[in-house]
Amino acid sequence: MKFINKVQLTIFTPAYNRAHTIGRTYKSLCSQKCKDFVWLIVDDGSTDNTAELVKDWMSKDNGFEIQYIYKENGGMHTAHNVAYRNIHTELNTCIDSDDALSENAVEKIINKWNQVKSRGYAGIIALDANMNTGKVIGKGFPKDMTETTLSGYYASGGSGDKKLIYRTDIINSVPEYPVFDNEKYLALAYKYKLIDQKYKLAVLNEVVCDVEYQEDGNSHIMYKQYMKCPKSFAFWRKICMQYPDSNKRLLVDCVHYVADSIIAKNKHYIKESPCKVLTFFLSPMGFLFYLYIRSKLDSIMKVGD
């Protein structure tokens, strides 16, 4: 792989109509003492003035290179696909268009990577913090934890979003996020789950990103996403069933798979399941969960009215 002028890190930002927030992302990059990175913005079909903002920033001497790619709107996972096809640095990480890098985050990441890069890791896992409170999102890492997989961290009691910095060759060694017709959401954890089967991540027990969850973000519209993107959810649950973190998690994923398949009107879901017998016996529970999703969505719609 050819690296850009020995720059080690690409920070990529998928953006969809976030002109009102991406400015603070830009400011946080400008404030980094270490400018050993490229900023790649993948505009996922924005209709606001995101393009004009980025064009203005690109005309300035920022101390780092800015790259901009516009694409037709297809959802976060399609923006990630485009980003990974266009990254040529050793490392990459995603900073959302409503987030900001913490102070000296680039320096922390690069210093950590230079310490561990010879040990065969897929990359680094670090902490996110709430930009309004300064508190770590979810749980931190145990003091004695030096390496982990992402799924292993959560399976052992971890919680909350974490910042993932991957080797570009590793993230591209697993398949792209699949795209289903008329569906614009797929769990980004798909790639991470596959990588977990072969590699571990080095632990950086420091905050490198400050986050703020937007009301129009995916975390606030998940029940709607269940109904809009059932094939994508069913696909993700099949992956989880193939690589279960625990017996309990396997049961949960199977129930979700059944519900997603019902929403997708897939009559062949048992035949297509990686756990056919389990799927058969859990189908009644999956149907009940499907009814629960419908009731939650109805409640949300009533509140919206």
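**Exercise 1. A residue in helix 10**

Is Asp 253 buried or exposed, judging by its relative accessible area? Then place its salt bridge partners.

*Solution.* The model is predicted, and features are read from it with that in mind.

Step 1. Take the relative accessible area of Asp 253, which is 2%. Buried means under 20%. Asp 253 is therefore buried.

Step 2. Find a partner. Asp 253 forms a salt bridge with Arg 249. The closest N and O atoms of this pair are 3.3 Å apart. The cut-off for a salt bridge is within 4 Å.

Step 3. Look at the spacing. Arg 249 and Asp 253 are four residues apart in helix 10, so about one helical turn separates them.

Step 4. Check the cover of the partner. Arg 249 has a relative accessible area of 33% and is partly exposed.

Step 5. Widen the view. A network of salt bridges links Arg 237, Arg 249 and Asp 253.

**Exercise 2. A bridge between distant parts of the chain**

Which parts of the chain does the salt bridge of Asp 245 and Lys 193 link? Compare how each residue is covered.

*Solution.*

Step 1. Start with the contact. The closest N and O atoms of Asp 245 and Lys 193 are 3.2 Å apart, and the two form a salt bridge.

Step 2. Locate both ends. Asp 245 is in the loop between helix 9 and helix 10, while Lys 193 is in helix 7 (residues 189-196). The two are 52 residues apart, and the pair links distant parts of the chain.

Step 3. Classify each end. Asp 245 is partly exposed, at 35% relative accessible area. Lys 193 is buried, because its relative accessibility is 6%.

Step 4. Add another pair. Arg 167 forms a salt bridge with Asp 169, and their closest N and O atoms are 2.7 Å apart. Asp 169 counts as partly exposed, at 36% relative accessibility.

Step 5. Give the total. The count comes to 12 salt bridges.

**Exercise 3. The second largest pocket**

Which element gives the largest share of the lining of the second largest pocket? Describe the pocket as well.

*Solution.*

Step 1. State the volume. The second largest pocket holds about 160 Å³ of space.

Step 2. Name the elements. Helix 9 (230-242) and helix 10 (247-263) each give two or more residues to its lining.

Step 3. Pick the main contributor. Helix 9 gives four residues, the largest share.

Step 4. Read the lining. Among its residues are Phe 180, Lys 231, Phe 235, Tyr 257, Asn 266 and Glu 272.

Step 5. Sort by class. The lining has five nonpolar, two polar and three charged residues.

**Exercise 4. Distance along the chain and in space**

How many Å separate the C-alpha atoms of Ile 239 and Ser 273? Do the same for Met 131 and Ile 239.

*Solution.*

Step 1. Place Ile 239. It lies in helix 9. Its relative accessible area is 8%, so Ile 239 is buried.

Step 2. Take the pair with Ser 273. Ile 239 and Ser 273 are 34 residues apart in sequence. Their C-alpha atoms are 9.9 Å apart in space.

Step 3. Place Met 131. It is found in the loop between strand 6 (123-130) and strand 7 (147-148). At 25% relative accessibility, Met 131 is partly exposed.

Step 4. Take the pair with Met 131. Met 131 and Ile 239 are 108 residues apart along the chain. Their C-alpha atoms are separated by 33 Å.

**Exercise 5. Surface and loops**

Which residues make a nonpolar surface patch of about 370 Å²? Then find two residues with a positive phi.

*Solution.*

Step 1. Name the patch. Val 277, Phe 280 and Phe 281 make it.

Step 2. Place one member. Val 277 is in helix 12 (residues 276-304). Exposed means over 50%. Val 277 has 58% relative accessibility, so it counts as exposed.

Step 3. Turn to phi. Asn 104 has a positive phi of about 60° and is not a glycine. Asn 104 sits in the loop between strand 5 (100-101) and helix 4 (105-116).

Step 4. Add Lys 265. Its phi is positive, near 60°, and it is a residue other than glycine. Lys 265 lies in the loop between helix 10 and helix 11 (269-272). With a relative accessible area of 75%, Lys 265 is exposed.

Key
Residues are numbered from 1 along each chain as its sequence is written. This is a predicted model: local features need pLDDT of at least 70, side-chain atom pairs count only at pLDDT 80 or more; totals for chains, interfaces and linings use all residues. Side-chain values use heavy atoms; hydrogens and water are left out. Patches are made of residues with over 30% relative accessible area and no salt bridge: like charges are joined within 9 Å, nonpolar side chains (Val, Leu, Ile, Met, Phe, Trp, Tyr) within 5 Å. Accessible areas come from the Shrake-Rupley method with a 1.4 Å probe; for residues, only the protein chains shown count as cover. A salt bridge is a side-chain nitrogen of Lys or Arg within 4 Å of a carboxyl oxygen of Asp or Glu. Buried means under 20% relative accessible area, exposed over 50%, partly exposed in between (1.4 Å probe, protein chains only). On a 1 Å grid over the protein atoms alone, a cavity is a set of points where a 1.4 Å probe fits but cannot get out, and a pocket is an open set with protein on both sides within 12 Å along at least five of seven lines; lining residues have an atom within 4 Å of a point. Grid points are joined across faces, edges and corners, and a volume is the space filled by probe spheres set on the points. Ala, Val, Leu, Ile, Met, Phe, Trp, Tyr, Cys and Pro count as nonpolar, Asp, Glu, Lys and Arg as charged, and the others, Gly among them, as polar.
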